[in-house]
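Biologist: Could we go through this model together, taking the loops before the helix packing?

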Amino acid sequence: MIKSTIKGIGFHVPDNIVTNDDLAKLMTTNDEWITERTGIKERRHRENRNDSQETTAYLGFKASEKAIANAGLTSKDIDYIVFATLSPDYYFPGCGVLLQEMLGCDTIGALDVRNQCSGFVYAMSVANAFIKAGNYKNILVVGAEIHSFGLDFSDEGRGVSVIFGDGAGAVVLSASEDENAGDILAVNMHSEGKFADELCTQFPGSKFGWSDRMRKEPENVTNKEVYPIMNGNFVFKHAVTRFPETMQEALDKAGKTIDDLDMFIPHQANLRIAQFVQQKFGLPDEKIHNNIQKYGNTTAASIPIALSEAIEEGKIKRGDLVLLSAFGSGFTWGSVLFEY
């Protein structure tokens, strides 16, 4: 039986630390306001918001280098890429092909996943299916984001802009027939598109316009269309419902219970959501890893960054049962349960 084993993992964030006090210089806010609502104390932003070199694909490249080295492989051993992001370098093509070129991989397939906060969970689910179908041996799964270039750092946009950060995480998922190797035991993916407008960026797109509108009537392109919008309370209420559902579904599918779990890594959307789920399942502090305090919400990158950090810190060891769960724009949500 072919197993899907996490062979290597790594993450990369920009050096530039942006604290809540730094944001208070740009908009009417303060550390207490941000911390109370999100749990975030700081996040990483690339040094120059208009930097054309430190891109989403570049962050993914730096994280991928670490993951491939951690797996004891080279870029030539990678035979497929799945890249999750909502902030690609170009409108098209996607970041997967850019990463393939940066790494110097062979002319392998590169798939882009656009499922926002659930992007990495979806990407892992796809990679797992490819591995277990016998199609590929070593798949590089990446979640990366540069949010800082596209946020409204004014009072109008503060409810969203204080939340997001830049970063990337990567995993090498490999095929193995070793009976002692780890394996992905259960996955699930869900969506509810009727709530798409509750958390989205509208422009550019075929619904709200594209380059012709920017060229002919730029004065009519509003901040609401260009910058991310979020109905925070609405999203929160759905998240605290869907998180427990997807978690329980994964455990049930694998014939496991919450007591079997060694580590839960939620998408880092809001510390209050994670704490609600922790309390609902009765998870002790040592069985959940949160790092939103340091990095903010890095969307598709948040789970692989947190997973990599937890492994580096010795919180996750080989053989441990680990659950990854996410909820976000779309709405989309899902989980991956695996033995590391």
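Biologist: Where is Thr299 found, and is Thr299 buried or exposed?
Modeller: This is a predicted model, in which local features need pLDDT of at least 70, side-chain atom pairs count only at pLDDT 80 or more, and totals for chains, interfaces and linings use all residues. Residues are numbered from 1 along each chain as its sequence is written, and side-chain values use heavy atoms, with hydrogens and water left out. Thr299 sits in the loop between helix 11 (292–295) and helix 12 (302–312), where helices are DSSP runs of H or I with at least four residues, numbered from the N terminus. Its relative accessibility is 0%, and since buried means under 20% relative accessible area with a 1.4 Å probe and protein chains only (exposed is over 50%, partly exposed in between), Thr299 counts as buried.

Biologist: What is the phi of Thr299?
Modeller: Thr299 is not a glycine, and yet its phi is positive. The value is about 50 degrees.

Biologist: How are helix 9 and helix 10 oriented to each other?
Modeller: Helix 9 (residues 232–254) and helix 10 (residues 271–281) pack with their axes 10 Å apart and at an angle of about 45 degrees. Axes are lines fitted to C-alpha atoms over the stretch in contact, and angles run from 0 to 180 degrees between N-to-C directions. Angles under 35 degrees count as roughly parallel, over 145 as roughly antiparallel, 65 to 115 as roughly perpendicular and the rest as oblique. The two helices, helix 9 and helix 10, are therefore oblique.
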